[in-house]
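Dear colleague,

I am handing over the structure we spoke about, and below it you will find my notes on what turned up in it. Please read them with the sequence and the coordinates open beside you.

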Amino acid sequence: MGKTIHCRIKARLENVEELKTNHPDYSFSLKLKCTGCGEVSDKWHDIIESEKFPGKTGRSENNYIAKCKMCGRENSLDIVPGSNASYTNEDSEKLKSIVAFECRGIEPVEFRPLEGWIVKVDGSSKIYNEVDLSEKEWVEYDENIQESVGVYDFDYKLS
Ligand SMILES: [Zn+2]
């Protein structure tokens, strides 16, 4: 068994009932650290629950599997099935886990939110399906409620 690491997010929501990823196709963009030698790769990795790759032995499939370039150890990581959660207006400005990773020899140390978020507007049937949080905030004017809808001060914690 590996170690479980949660990605907790925090944001200030304005007229947003629910913020979530387009699970299971959302791409978690992560920087990974090998716990064997401590190496953190410069590269960002895309971890997607609906994408699995076979290991060398072919015994299992993982959302991420690779040999560490420094120590040569084969490390793997998976999104824990069913761990995906929405961030709702009740969670605004609080940290909440939106996904858990099962980590074997490797751990996520940085996360960037990028594209693929879904926002459901509070008090409206409106849903925005292609929300980009690359800038750690997002704002739109919703004609239905005649107010702005936004996600601000996006932050996260991996632990
Ligand atoms: Zn290593």
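**Contacts of F28 and the core**

Leaving aside residues up to four places away in sequence, F28 touches T21, H45, D46, I47, I79, N84, I98, V99, F101 and F111. Please keep in mind throughout that this is a predicted model. F28 also appears among the residues with the most contacts inside the largest nonpolar core, where it is listed together with L19, F101, F111 and W117, and that core has 34 residues. The element that gives the most to this core is strand β1, spanning residues 3-14, which supplies 5 residues. As background, nonpolar side chains in soluble globular proteins tend to be buried together.

**The zinc site**

The zinc ion has four cysteines as its protein donors, namely C34, C37, C68 and C71, each through its SG atom and lying 2.3 Å from the ion. Along the chain these donors follow the spacing C-x2-C-x30-C-x2-C. How is the site arranged around the ion? The site is tetrahedral, with angles of 103 to 117° among the 4 donor atoms. Two of the donors can be described by their accessibility as well: C34 counts as buried because its relative accessibility is 2%, and buried means under 20%, whereas C37, at 38% relative accessibility, counts as partly exposed.

**Salt bridges**

The count of salt bridges in the model comes to 7. One of them joins E17 to K120, with the closest N and O atoms 3.4 Å apart. E17 lies in strand β2 (residues 16-21) and K120 in strand β12 (residues 117-121), so this pair ties together parts of the chain that are 103 residues apart in sequence. Both partners count as partly exposed, E17 at 30% relative accessibility and K120 at 24%.

A second pair is formed by K52 and D78, whose closest N and O atoms are 3.8 Å apart. This pair, too, links distant parts of the chain, since K52 sits in the loop between β4 (45-48) and β5 (53-54) while D78 belongs to strand β8 (residues 74-79), 26 residues apart. Are the two partners buried or exposed, in whole or in part? K52 counts as partly exposed, with a relative accessibility of 43%, but D78 counts as buried, with a value of 7%.

R104 and E102 form a further salt bridge, in which the closest N and O atoms are 3.6 Å apart. Here R104 counts as partly exposed at 28% relative accessibility, whereas E102 counts as buried at 17%. The residues of these last two pairs belong together, as K52, D78, E102 and R104 are linked in a network of salt bridges.

**An aspartate in a loop**

Finally, you may wish to look at D91, which lies in the loop between β9 (87-88) and β10 (96-104). At 14% relative accessibility, D91 counts as buried. When residues up to four places away in sequence are not counted, D91 touches S86 and K96.

With best wishes

Notes:
Residues are numbered from 1 along each chain as its sequence is written. This is a predicted model: local features need pLDDT of at least 70, side-chain atom pairs count only at pLDDT 80 or more; totals for chains, interfaces and linings use all residues. Side-chain values use heavy atoms; hydrogens and water are left out. Donors are N, O and S atoms within 2.8 Å of the metal (3.2 Å for Na, K and Ca); water is not among the atoms, so sites may look incomplete. Four donors count as tetrahedral if all angles lie between 85 and 135 degrees; four count as square planar and six as octahedral if opposite donors are over 155 degrees apart and all others between 65 and 115; anything else is irregular. Buried means under 20% relative accessible area, exposed over 50%, partly exposed in between (1.4 Å probe, protein chains only). A nonpolar core is a set of buried Ala, Val, Leu, Ile, Met, Phe, Trp, Tyr and Cys residues joined through side-chain atoms within 4.5 Å. Helices (H or I, at least four residues) and strands (E, at least two) are DSSP runs, numbered from the N terminus. Contact means heavy atoms within 4.5 Å. A salt bridge is a side-chain nitrogen of Lys or Arg within 4 Å of a carboxyl oxygen of Asp or Glu.
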